[in-house]
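Subject: A structure to look through

Dear colleague,

I am handing over the structure below, and I would be glad if you kept it open while you read the notes that follow it.

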Amino acid sequence: MERSTFVYDGDCAFCTKCAEFIERRIPTRARVLPWQFADLDELGLTEAECADAVQWVGADGSRAAGPDAIARLLGDSGPLWRVAGAGLRFPPARAAAWPAYRWVARNRHRLPGGTAACAVPSARRD
């Protein structure tokens, strides 16, 4: 693969707003695309993985999910964003990032830009 790829849930308005922010404000070489339009087989991802969390597939084949994927995206960006990505990989920040990520994922339909379509079914929340 020649470029890294950051994959998000294109059916979620909150996730789409976040992806639009990335594309406008974060200078990254990575492709940012909804999993619904990605070649998941080529990326080595499943629909279940993509529905569960954002995904990172590095040009080198490395993979990460959730806040680890966000840290990789930031690490592949401009200098200030790389610092933020390194901070997110720092063990205490990383330990806090996963519960925070899960809370956002469960409540994304209530967040700015979110809609009822963003709600994660209760069976997948637990």
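Read from the N terminus, the elements of the chain follow the order β-α-β-α-α-β-β-α-α-α-α, which gives seven helices and four strands. Please bear in mind that this is a predicted model, and that the values below were computed from it. Of the 126 residues in the chain, 39% are buried. Among the contacts with a separation of 6 or more, 58% are between residues 24 or more positions apart.

A good place to begin is helix α4, which covers residues 66-75. This helix is mostly covered, since seven of its 10 residues are buried. The buried ones are Gly66, Pro67, Asp68, Ala69, Ala71, Leu73 and Leu74, and what covers them includes the strands β1 (5-8), β3 (55-57) and β4 (63-65) as well as the helices α1, α5 and α6.

How do two of these helices meet? In general, two packed helices are described by the angle between their axes and the distance between the axes. For α4 and α6, the axes come within 8 Å and cross at roughly 115°. On the α4 side the residues are Gly66, Pro67, Asp68 and Ile70, and on the α6 side they meet Arg94, Ala97, Trp98 and Tyr101. Sorted by character, the residues of this contact are five nonpolar, one polar and two charged.

Helix α6 also packs against α5, here at an angle of about 80° and with the axes 5 Å apart, and that angle makes α5 roughly perpendicular to α6. The contact is made by Gly87, Leu88 and Arg89 of α5 together with Pro91, Ala93, Arg94 and Ala97 of α6. These residues divide into four nonpolar, one polar and two charged.

The next topic is the aromatic rings, of which the structure holds two pairs. In one of them, phenylalanine 21 and tryptophan 81 are arranged edge-to-face, with 6.4 Å from centre to centre and 80° between the planes. Because phenylalanine 21 lies in helix α1 (residues 13-25) and tryptophan 81 in helix α5 (residues 79-89), this pair ties together parts that are 60 residues apart in sequence. Phenylalanine 21, at 35% relative accessibility, counts as partly exposed, and tryptophan 81 also counts as partly exposed, at 29%.

The other pair is formed by tryptophan 98 and tyrosine 101, and it is edge-to-face because the ring planes stand at 65°, with the centres 5.9 Å apart. Both residues lie in helix α6, three residues apart, which is about one turn of the helix. Are these two residues buried or partly exposed? Tryptophan 98 is partly exposed, with a relative accessible area of 23%, whereas tyrosine 101 has a relative accessible area of 16% and is therefore buried; the cut-off for buried is under 20%.

Finally, please look at arginine 108, which is found in the loop between α6 (91-107) and α7 (122-125). Its relative accessible area is 8%, so arginine 108 is buried. The side chain of arginine 108 makes a polar contact, at 3.1 Å, with the side chain of aspartate 9.

With best wishes

Key:
Residues are numbered from 1 along each chain as its sequence is written. This is a predicted model: local features need pLDDT of at least 70, side-chain atom pairs count only at pLDDT 80 or more; totals for chains, interfaces and linings use all residues. Side-chain values use heavy atoms; hydrogens and water are left out. Helices (H or I, at least four residues) and strands (E, at least two) are DSSP runs, numbered from the N terminus. Buried means under 20% relative accessible area, exposed over 50%, partly exposed in between (1.4 Å probe, protein chains only). A polar contact is a pair of N or O atoms within 3.5 Å; within protein, one must be able to donate a hydrogen and the other to accept it, and residues adjacent in sequence count only if both atoms are side-chain atoms. Rings of Phe, Tyr and Trp (its six-membered ring) pair if their centres lie within 6.5 Å; planes under 30 degrees apart count as stacked, over 60 as edge-to-face and the rest as tilted. Axes are lines fitted to C-alpha atoms, for helices over the stretch in contact, and angles run from 0 to 180 degrees between N-to-C directions. Angles under 35 degrees count as roughly parallel, over 145 as roughly antiparallel, 65 to 115 as roughly perpendicular and the rest as oblique. Contact means heavy atoms within 4.5 Å. Ala, Val, Leu, Ile, Met, Phe, Trp, Tyr, Cys and Pro count as nonpolar, Asp, Glu, Lys and Arg as charged, and the others, Gly among them, as polar.
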